[in-house]
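Student: Could you show me how to read the contacts around a ligand?
Tutor: Sure, let's look at it together.

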Amino acid sequence: MKVIKFGGTSVGSAEGLRKVKQIVELANEPLIVVVSAFSGITDKLIRTSNLATMGDLSYQNIFDEIVSKHEQVIDEIFGDNEEKQELKEEVNPLLEELDNIFQGIYLIKDLSSKTLDTVLSYGERLSSIIVSKYIDGAIGYDSRNFIKTDKKHSRNFIDKDISTQLIIETFATLPMVAVVPGFISSDKITGEITNLGRGGSDYTAAMIAAALEARCLEIWTDVDGFMTADPRVIDSAYTIDELSYVEATELCNFGAKVIYPPTIYPVFHKNIPIRVRNTFNLESKGTIIKQDVVRSKEHKAIKGISSINDTCLITVQGLGMVGVIGVNYRIFKVLAKNGISVFLVSQAASENSTSIGVRSEEVDLACTILNKEFAREIETGEMYPMRVERDLATVAIVGENMKHTPGIAGKLFGVLGKNGINVIACAQGASETNISFVVTLESLRKSLNVIHDSFFLSEYQVLNLFICGIGTVGGSLIEQIQCQQEKLKRENGLKLNVVGIANGSHLLLDREGIPLCNYREQLYEKGKKSNTQTLETGILEMNIFNSVFVDCTASEEVSSIYKNLLSHNVSVVAANKIAASSSYENYKELKQIARTRGVKFLFEANVGAGLPIINTINDLIISGDKITKIEAVLSGTLNYIFNEISEEVPFSQTIKQAQEQGYSEPDPRVDLSGIDVIRKLVILVREAGYEVEQSDVKKNLFVPDSYFKGTLDDFWEKVPALDDSFEKRRKELEKENEKWRFVAKFENDEASVGLQEVDSKHPFYALEGSNNVLLLTTDRYKEYPMMIQGYGAGAGVTAAGVFADIISIVNV
Ligand code: ADP
Ligand code: ASP
Ligand code: MG
């Protein structure tokens, strides 16, 4: 025989009940079917009671909902037959009784625990009557007759011996299908109605399975089985095939709601396997919980993660505790005497403090009694009054494979730290199957995601991207991400989740990921009006794990938020050059913050678009080389201009074209004034290990300063005046077979930029179109400098440089 339990999620609807009937009819052995109340009914019974106690007449509305929910399901599953009439004759008196009880509560405005327990019993009593009528040939039982409880510290605990005996007697002869209400019980002495606690139907089923030594206990619910994490919090959580009793217990104890924690012990004791299955998906095999579990092929270190959110931490502290025997004994004795359960303990080896985790509802009482217990020591100063921290959550990672596997705790705390999550207390038992730690409630979701992601419980790693700027570079980047998203997930196990898109006026945030197909429309339709400030707070408030801010703007204001983002463990990838070329102090500080927070500040696309220039310099430096000279053409725009200029296309016209082709900065004067190249050179020199400011760079410009004053329109008007002199010099150069190149140079601690005329033997002579070229002379590359050359401007290649930086964050 087996015991099968259907939760409220299974019996709460006509569709669910049809499935239940189908599952029961498929069995070819005697079954004991344990049922919960219809979904939501226990909650509604509590709410109705509370409203009635407060004298609020609206309790009647909730009560009406309870009545109609039952009536509706009955109408749907029975049609208009005789059985329905018979059923109504059983159900209606119960509903009337319940109505009377509520009226009583309303009139006397008092709700004793005894009355509440009575009220709650109606949920399972009603559902079990309905189910037993619906399943042909089923016999209904009342579990109050055989599940008996004992009252301790004003709580009801099951009396296992008596209950086991009564179950055996009740089911001495087994019908083919017995239907039993879960959750409810009665006091072993007074016979008053009690219950086994929220979620207790699982426990009822386990007690019956253990007493009758069932072949198997099945828990039918609305998910495919026991999952790696709560599927409502972690999208990528998936079903675990097998769990050991120990693993399942550890996970349930820490809030994996799928099974009520006390359920496992009775069946474990009798070595009865538990199968968790989905009523709505018979295809799925579900999860099996048993003694010996085959080690998974992937040998994942942890099986699952769970958490409880109502955590408070009490710290018992004082120098007078050191070396004193019996302090812990007194702490736990006095808590136990008052029925307070402690679920986490952490004590420093120095013995001067012990932290204990308790539920919020018990913290005040626990504190009072501990202060009383240690009143003398507190008065003499040997100990401090209890310190309480509230609004916390406890997370546990669980898996028997953790045993004897070094580095799990290191990795766990490493990834939490990297994501800016502070661990307030932690505990690992010597059994090594569980590591638990306490964090603030607001970082709970992030903690669960980070761990799920980094312990490869997920099939893929996730990077959560905020993309700021959707002009040519940003737009191109989003297109590239969209094209690569599927492939990266499939082949590299990396999910690029764009959780934020912003431009100068709007911001769209969605932690589930923004579909990229029509992001522009969405940004304006669903996004909010925003500015840099709201962008910054939006990102920080989302507080999402593995997050990366991608700056595809040229805005100084946007670059000013990097510092705060990095300080909050958000990596920054910038196409924007302003931060890396700002004051040396700021540049250094940003790099320093990134290092200490364990995140990245990357800006490869600042110089030479997608060419691997900065990374190469870094590699050289890291491996001990010294860069002695940098010589480069770093402006795609200027190179384009000096390659395009001809008898037919005058100087002013080439500038216009460069702008139209998307090579130049939005304001081409930034290129012509040499500022853009100066910024790039400053960045390279700094990355090469030298301290330099923009003002240190000597300039030899080709457009007089007066052209840069006034508006952009003024500039367009004035610039044709330069065409003749350029054409004159161009002709001369043509004759001598020379070309103009705008060269950035660093040598002997001196940085300069300027127009240079190069002859046909010079390596820069043949530089086509908007290409860039860089010559690096180093201790190792002395006689023949290292040369890097290729497209140095354009939205596509710049976006590709940004893309590469993003990917480098996860090392796929
Ligand atoms: P029932 O009414 O069937 O007893 P519960 O609501 O008590 O259902 O438990 C099932 C729910 O538990 C699932 O719908 C799921 O949202 C939640 N849950 C939380 N953690 C887990 C987990 N680790 N695995 C599966 N489900 C979980
Ligand atoms: N109906 C009870 C509850 O909601 C018991 C159960 O569902 O297991 O807590
Ligand atoms: Mg449940």
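Tutor: Start with Thr 9: one of its polar side-chain atoms lies 2.7 Å from an oxygen atom of ligand 1. A polar contact is a pair of N or O atoms within 3.5 Å; within protein, one must be able to donate a hydrogen and the other to accept it, and residues adjacent in sequence count only if both atoms are side-chain atoms. Keep in mind that this is a predicted model, where local features need pLDDT of at least 70, side-chain atom pairs count only at pLDDT 80 or more, and totals for chains, interfaces and linings use all residues. Residues are numbered from 1 along each chain as its sequence is written, chains are lettered from A and ligands numbered from 1 in the order in which they are written, and side-chain values use heavy atoms, leaving out hydrogens and water.

Student: Which other side chains have an N or O atom by an oxygen atom of ligand 1?
Tutor: Asp 222 has one at 2.7 Å, and Lys 257 has one at 2.9 Å. The protein covers 90% of the 570 Å² of accessible area that ligand 1 has on its own; such areas come from the Shrake-Rupley method with a 1.4 Å probe, and for residues, only the protein chains shown count as cover.

Student: How many residues surround ligand 1?
Tutor: A residue is near a molecule or strand if one of its heavy atoms lies within 4 Å of it. Here 18 residues surround ligand 1, and Thr 9, Thr 221, Asp 222, Met 227 and Lys 257 are the closest. By class, that shell has eight nonpolar, five polar and five charged residues. Ala, Val, Leu, Ile, Met, Phe, Trp, Tyr, Cys and Pro count as nonpolar, Asp, Glu, Lys and Arg as charged, and the others, Gly among them, as polar.

Student: And what touches ligand 2 through polar atoms?
Tutor: Ser 36 puts a polar side-chain atom 3.2 Å from an oxygen atom of ligand 2, and Arg 198 does so at 2.6 Å. With Gly 199 the partner is a polar backbone atom, 2.8 Å from an oxygen atom of the ligand. Alone, ligand 2 exposes 260 Å², and the protein buries 86% of that. Its shell has two nonpolar, five polar and two charged residues.

Student: How do I read an aromatic pair?
Tutor: You describe it by the distance of the centres and the angle of the planes. Rings of Phe, Tyr and Trp (its six-membered ring) pair if their centres lie within 6.5 Å; planes under 30 degrees apart count as stacked, over 60 as edge-to-face and the rest as tilted. The whole structure has 26 aromatic pairs. One of them, Tyr 59 with Tyr 106, is tilted, at 5.5 Å centre to centre and 35 degrees between the planes.
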